[in-house]
Amino acid sequence: MTSPAPAPLLSVRDLSTWFHTGAHIVARAVDGVSFDVMPHETVGLVGESGCGKSVTSLSILRLIERPGRIEPGSRIEFEGRDLLSLDDRAIRAIRGNRISMIFQEPMTSLNPVFTVGDQIAEVARVHAKVSRREAWDRAVDMLQQVGVPAPAERAREYPHQLSGGLRQRAMIAMALMMHPALLIADEPTTALDVTIQAQILELLAELQSRVGMSILLITHDLGVIAESASRVLVMYAGQIVEEAPVRTLFAAAHHPYTEGLLSAMPRMGERRERLTVIPGTVPSPTDWPAGCRFHDRCAYAWERCRVEPPPLYQIGATHVSRCHLADEPNRRHAAGAPAGGAASQP
């Protein structure tokens, strides 16, 4: 008798987060997004700037401020609880405790007028209700666990006194203070040099193994996804356009947008005069194109793409793609490969 499949740690269904800017203009930053994060899993969420990745993460924690709002019909469940139905006190008890977040830029996320140790210790004081002395000791211990040298001394320093890599480690220490079940890491290696990036990713993997948490890793860098995630969600224009295990995605990407992202990656041993780029830019969330939202940047687009929004087609057992090429694969062969990259097979 087979055991039942484990329940998702986080389940997001039909999430729509819109910004109502007046005069009936609505920016649909996140528009009908659904995905799961399983226990102990690392899921990558990738896409260009402006695709809705960070708004998705802030929506999970209910940190959207006016004029933004999570629209009716959205559902976010964490550990079996409906996060959207919780009152403010209950959601605050989850933030920083059961769900933690590493924000994009630690220099702006850390308070410049408090020491690093005080800011990390505050998490334990709020959620664990421990004394000031014990909270401080826990903060120093956490800094040591994330590889900060001379943690007792560093804890007494202010954010501006630390390097970018040490500030990022301090942010990780703060996020993991309460051993959360889910860590949301929003561009955790942005603005760090390559060596420090590798150290931060290795640290997250080590801490995940030790603590047993799940990670939602948000980035625009597919190289980071390849290094760290087991499954990847590709986001474009407020929607998930492709989802697959990482190996499947890199071996046989289906959506033309994913193809473009992969073609734009530099590769070891490959000499190219210029990196491939995806033509055009992400459209404005106040005016998403009709039909497929990627059609005006796509080498394969035909009339159907301009008028009919594609559903998420099932490509394989664990692979979906929001592209009509799944329904009409011969169109891919007729159009050929996009400029600068080879077309993947469906």
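**Exercise 1. Work out which classes of residue line the largest cavity, and how big that cavity is.**

The lining of the largest cavity holds ten nonpolar, three polar and no charged residues. Here Ala, Val, Leu, Ile, Met, Phe, Trp, Tyr, Cys and Pro count as nonpolar, Asp, Glu, Lys and Arg as charged, and the others, Gly among them, as polar. Before going on, note that this is a predicted model, in which local features need pLDDT of at least 70 and side-chain atom pairs count only at pLDDT 80 or more, while totals for chains, interfaces and linings use all residues. Residues are numbered from 1 along each chain as its sequence is written, and side-chain values use heavy atoms, with hydrogens and water left out.

Step 1: settle the terms. On a 1 Å grid over the protein atoms alone, a cavity is a set of points where a 1.4 Å probe fits but cannot get out; a pocket is an open set with protein on both sides within 12 Å along at least five of seven lines; lining residues have an atom within 4 Å of a point. Grid points are joined across faces, edges and corners, and a volume is the space filled by probe spheres set on the points.

Step 2: count and size. One cavity of 30 Å³ or more is found, and the largest cavity has a volume of about 70 Å³. Its lining has 13 residues, with P256, C292, C298, C305 and C323 closest to the centre.

**Exercise 2. Describe the largest pocket and say which helix gives the most to its lining.**

Step 1: the volume of the largest pocket is about 780 Å³.

Step 2: 25 residues line this pocket, and G96, Q119, E122, V123 and M174 lie nearest its centre.

Step 3: helices (H or I, at least four residues) and strands (E, at least two) are DSSP runs, numbered from the N terminus. Strand 7 (99–102), helix 4 (116–127), helix 5 (132–145) and helix 7 (164–175) each supply at least two lining residues. Helix 4 gives the most, with eight.

Step 4: by class, the pocket lining splits into 14 nonpolar, five polar and six charged residues.

**Exercise 3. Decide how covered strand 3 is, and find its partners.**

Step 1: buried means under 20% relative accessible area, exposed over 50%, and partly exposed in between (1.4 Å probe, protein chains only). In strand 3 (residues 42–46), five of the five residues are buried.

Step 2: look at each face. T42, G44 and V46 are buried on one side, and V43 and L45 on the other.

Step 3: two strands pair if DSSP finds at least two bridges between them. Strand 3 runs parallel to strand 9 (residues 214–219), joined by five bridges, and G44 stands opposite L217. With strand 10 (residues 231–236), strand 3 pairs in the parallel sense over four bridges, and there L45 stands opposite L233.

**Exercise 4. Place I60 in helix 1 and in the largest nonpolar core.**

Step 1: helix 1 (residues 53–60) has six of its eight residues buried, I60 among them. Just after this helix, R62 takes a positive phi of about 55 degrees.

Step 2: a nonpolar core is a set of buried Ala, Val, Leu, Ile, Met, Phe, Trp, Tyr and Cys residues joined through side-chain atoms within 4.5 Å. The largest has 62 residues, and I60 is one of those with the most contacts inside it.

Step 3: contact means heavy atoms within 4.5 Å. Leaving aside neighbours within four places in sequence, I60 is in contact with L10, V12, F35, I76, L83, I99, I184 and L216.
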